[in-house]
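Please work through the following exercises with the sequence and the model open beside you. Each one sets a task and then solves it step by step.

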Amino acid sequence: MIHNVLIANRGEIAVRIIRGCREMGIRTVAVYSEVDRLSLHTRLADEAYPIGKAPSSESYLVQDRIIATALKAGADAVHPGYGFLAENGDFAARVEKAGLIWIGPPAEAIRLMGDKTVARQRMKEAGVPTVPGTLEPISDEAEALKTAEEIGFPVLLKAAAGGGGKGMRVVSKREEFQPALQTARSEAKSAFGDDRVYIEKYLENPRHIEFQILADKFGHVIHLGERECSIQRRHQKIVEESPSVLLTPEMRQAMGEAAVRAAQACGYRNAGTIEFLVDKNLNYYFLEMNTRLQVEHPVTEETTGIDLVKEQLKIASGIPLGYSQEEIRQTGHAIEVRIYAEDPANNFMPSAGKIQYLRPPGGPGIREDSGIFEDSEVSLYYDSILSKLIVWGKDRNEAVARMARALEEYRLFGIRTTIPFGLAVMKNKNFQTGHFDTGFVEKEFRNGSADVKNLSQIAAIAALLIDRQKAASEIRASANHHHKWESPWKTAGRVENMR
Ligand code: MV4
């Protein structure tokens with residue numbers, strides 16, 4: 001069994017991993033950049049080591065320093081979290097070469113799934129439905145145009161080294177193909193240092209549904225059901241839930257079995273996610289595989305009762321999976337709303353500063369996976385996710401009402417956050433009835449800001465003002481005069497203006 005884990009990450013996910021380790025009696029080693037010296041993950045770990053300056057290229061991405069720190073601290077394993085080095089096959093290989101356990105998939109599986117054309121070939125061989133398109137990068141332009149016409153416009157040009165929405169180009173007709181190819185190539189080159197692109201049929205406003213899998217060292221693979229992730233804005237997910245209202249038991253079984261085949265086909269080990277697009281006719285297609293623990297993993301934990309971080313630690317320790325597929329049950333309904341340090345009233349501009357007042361919600365069915373606390377500082381150096389609010393309810397209606405209640409209860413002052421936007425989604429009729437796809441945010445919030453008018457009940461504003469006054473007097477009492485704070489009337493005005 002693993003005894004001492006270095007967590008090569010920061011923020012809420014580092015905190016989440018520390019908590020899983022602590023409950024299993026495993027020691028934790030945090031690493032931190034200059035601006036994270038006093039952050040929550042640094043405080044909660046058993047030990048913490050500085051690894052460099054604020055920019056991640058000088059700290060959380062410096063492979064040598066992280067491995068050297070793990071060895072110095074006597075760690076026997078490295079957990080990468082998500083982002084940073086989590087899907088870097090070379091880093092996975094180097095961790096193992098240093099004699100440390102990599103709490104992740106084999107380097108070869110990371111690399112295979114990192115090349116989208118190789119992944120598509122492998123999925124096709126494994127009988128996993130893929131979006132119609134090419135299985136090779138484009139080599140001959142004339143031939144590529146012919147292929148695009150056979151597939152039928154609109155088509156999508158995607159970077160072979162891509163993923164997550166970067167380097168994609170929609171082509172709606174023949175004449176646009178040639179220039180779009182040039183743009184896609186140069187975007188792919190600058191984003192990934194690899195200009196290979198391939199063609200897929202473009203599916204208009206699909207739903208994005210992904211399956212969680214677990215795979216151990218002995219070739220056992222199970223799935224833990226799906227997460228519906230269609231509520232996103234510019235490839236940034238905002239709300240995730242499980243189960244998806246769209247899936248029938250038959251579809252769930254077929255997609256789950258396809259996800260298991262996908263993991264088996266790449267020699268996978270660890271927790272992983274198979275992403276699918278689902279079109280208007282309920283056809284599903286493999287999109288990509290995420291070879292890491294994901295941000296939205298808690299909704300699966302809440303519906304299945306399985307702790308995914310603990311499963312990762314057991315799998316990496318060489319312990320066989322403790323469940324068969326038949327033992328997995330999805331119970332009730334879970335929703336996650338991500339809380340970003342961004343201003344929904346101002347085109348989601350990143351917001352930085354000190355959290356001057358923090359009073360998170362509580363009560364039945366509420367979980368918060370957070371990386372912040374009152375008085376903590378939010379910088380602009382990293383991903384702007386502060387916290388995730390997760391609720392569980394006996395059914396979807398209860399979960400939606402509970403999430404709305406939790407967001408209304410939430411008080412966070414000092415910086416702008418997407419809390420009001422999450423609330424606007426919960427109050428949206430089409431969200432409530434399950435009528436949405438990946439175009440939801442664009443369609444329902446056309447001017448880019450939350451339609452908070454309808455839901456900003458006087459009561460909510462009054463509560464906000466009262467808390468704001470309390471916060472203000474506390475701030476004065478603690479003599480933090482140099483920290484900017486504003487009149488509650490300005491806050492109220494902003495809430496009113498967010499329509
Ligand atoms: C697509 C697609 C439509 N057709 N592929 C966006 C992220 C990247 N991983 C793949 N993405 C898409 N691929 C085909 N053939 C639409 C998207 C897409 C999307 C996918 C999942 C979640 C949100 C999305 C938002 C816009 C576009």
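## Exercise 1: The ligand and its shell

Task: Establish which residues come nearest to the ligand and which of their atoms face its nitrogen atoms.

Solution. Of the 17 residues around the ligand, those that come nearest are Lys-158, Glu-200, Lys-201, Leu-203 and Glu-288. It should be kept in mind from the start that this is a predicted model.

Step one takes the side chains: an N or O atom in the side chain of Lys-158 is 3.0 Å from a nitrogen atom of the ligand, and a polar side-chain atom of Glu-200 lies 2.8 Å from a nitrogen atom of the ligand. Both distances can be set against the cut-off for a polar contact, which is a pair of N or O atoms within 3.5 Å.

Step two turns to the backbone, where an N or O atom of Leu-203 lies 2.9 Å from a nitrogen atom of the ligand. The ligand taken alone exposes 530 Å², and the protein buries 90% of that.

Step three asks what kinds of residue form the shell around the ligand: seven are nonpolar, six are polar and four are charged.

Task: Decide which strands and domains supply the shell, and where the ligand lies with respect to those domains.

Solution. Strand E6 (155-159), strand E8 (197-201) and strand E13 (284-290) each supply at least two residues of the shell around the ligand. At the level of domains, residues of the shell come both from domain 2 (107-128 + 204-331) and from domain 3 (132-201), so the ligand lies between these two domains.

## Exercise 2: A helix enclosed by its surroundings

Task: Determine how helix H11 is placed in the structure, and describe what is found at its ends.

Solution. First, list the buried residues of H11, which are Leu-308, Val-309, Glu-311, Gln-312, Leu-313, Ile-315 and Ala-316. Since seven of the nine residues of H11 (residues 308-316) are buried, the helix is largely enclosed by the rest of the structure.

Next, look at the N-terminal end, which is capped by Asp-307 through a side-chain oxygen that lies 3.1 Å from the backbone nitrogen of Val-309. Finally, H11 is followed by Gly-318, which has a positive phi, near 85°.

## Exercise 3: Backbone geometry in the loops

Task: Locate the cis peptide bonds before Pro-154 and Pro-243.

Solution. The peptide bond from Phe-153 to Pro-154 is cis, with omega near 0°, and Pro-154 lies in the loop between helix H7 (141-151) and E6. The peptide bond from Ser-242 to Pro-243 is also cis, with omega near 0°, while Pro-243 is found in the loop between strand E11 (236-242) and helix H9 (249-265).

Task: For Asn-205 and Leu-282, give the sign of phi and state whether each residue is buried, partly exposed or exposed.

Solution. Asn-205 has a positive phi of about 40° although it is not a glycine, and Asn-205 lies in the loop between E8 and strand E9 (207-215). With a relative accessible area of 28%, Asn-205 is partly exposed.

Leu-282, likewise a residue other than glycine, has a positive phi near 65°, and its place is the loop between strand E12 (270-278) and E13. At 37% relative accessibility, Leu-282 counts as partly exposed.

## Exercise 4: Cysteines and pairs apart in sequence

Task: Find how many disulfides the structure holds, and classify Cys-21 and Cys-266 by accessibility.

Solution. A search of the whole structure finds zero disulfides. Buried means under 20% relative accessible area; Cys-21 is buried, with a value of 0%, and Cys-266, at 9%, counts as buried too.

Task: State how far apart the C-alpha atoms are in the pairs that begin with Pro-105 and Glu-302.

Solution. Pro-105, in the loop between strand E5 (101-102) and helix H5 (107-114), is buried, with a relative accessible area of 1%. Pro-105 and Ala-86 are 19 residues apart in sequence, and their C-alpha atoms are 9.7 Å apart in space.

Glu-302 lies in helix H10 (residues 297-304) and is partly exposed, with a relative accessible area of 28%. Glu-302 and Ile-390 are 88 residues apart in sequence and 8.5 Å apart in space, C-alpha to C-alpha.

Methods: Residues are numbered from 1 along each chain as its sequence is written. This is a predicted model: local features need pLDDT of at least 70, side-chain atom pairs count only at pLDDT 80 or more; totals for chains, interfaces and linings use all residues. Side-chain values use heavy atoms; hydrogens and water are left out. Buried means under 20% relative accessible area, exposed over 50%, partly exposed in between (1.4 Å probe, protein chains only). Helices (H or I, at least four residues) and strands (E, at least two) are DSSP runs, numbered from the N terminus. A polar contact is a pair of N or O atoms within 3.5 Å; within protein, one must be able to donate a hydrogen and the other to accept it, and residues adjacent in sequence count only if both atoms are side-chain atoms. A residue is near a molecule or strand if one of its heavy atoms lies within 4 Å of it. Accessible areas come from the Shrake-Rupley method with a 1.4 Å probe; for residues, only the protein chains shown count as cover. Ala, Val, Leu, Ile, Met, Phe, Trp, Tyr, Cys and Pro count as nonpolar, Asp, Glu, Lys and Arg as charged, and the others, Gly among them, as polar. Domain bounds come from an automatic or database domain assignment. A disulfide is a pair of cysteine sulfur atoms within 2.5 Å.
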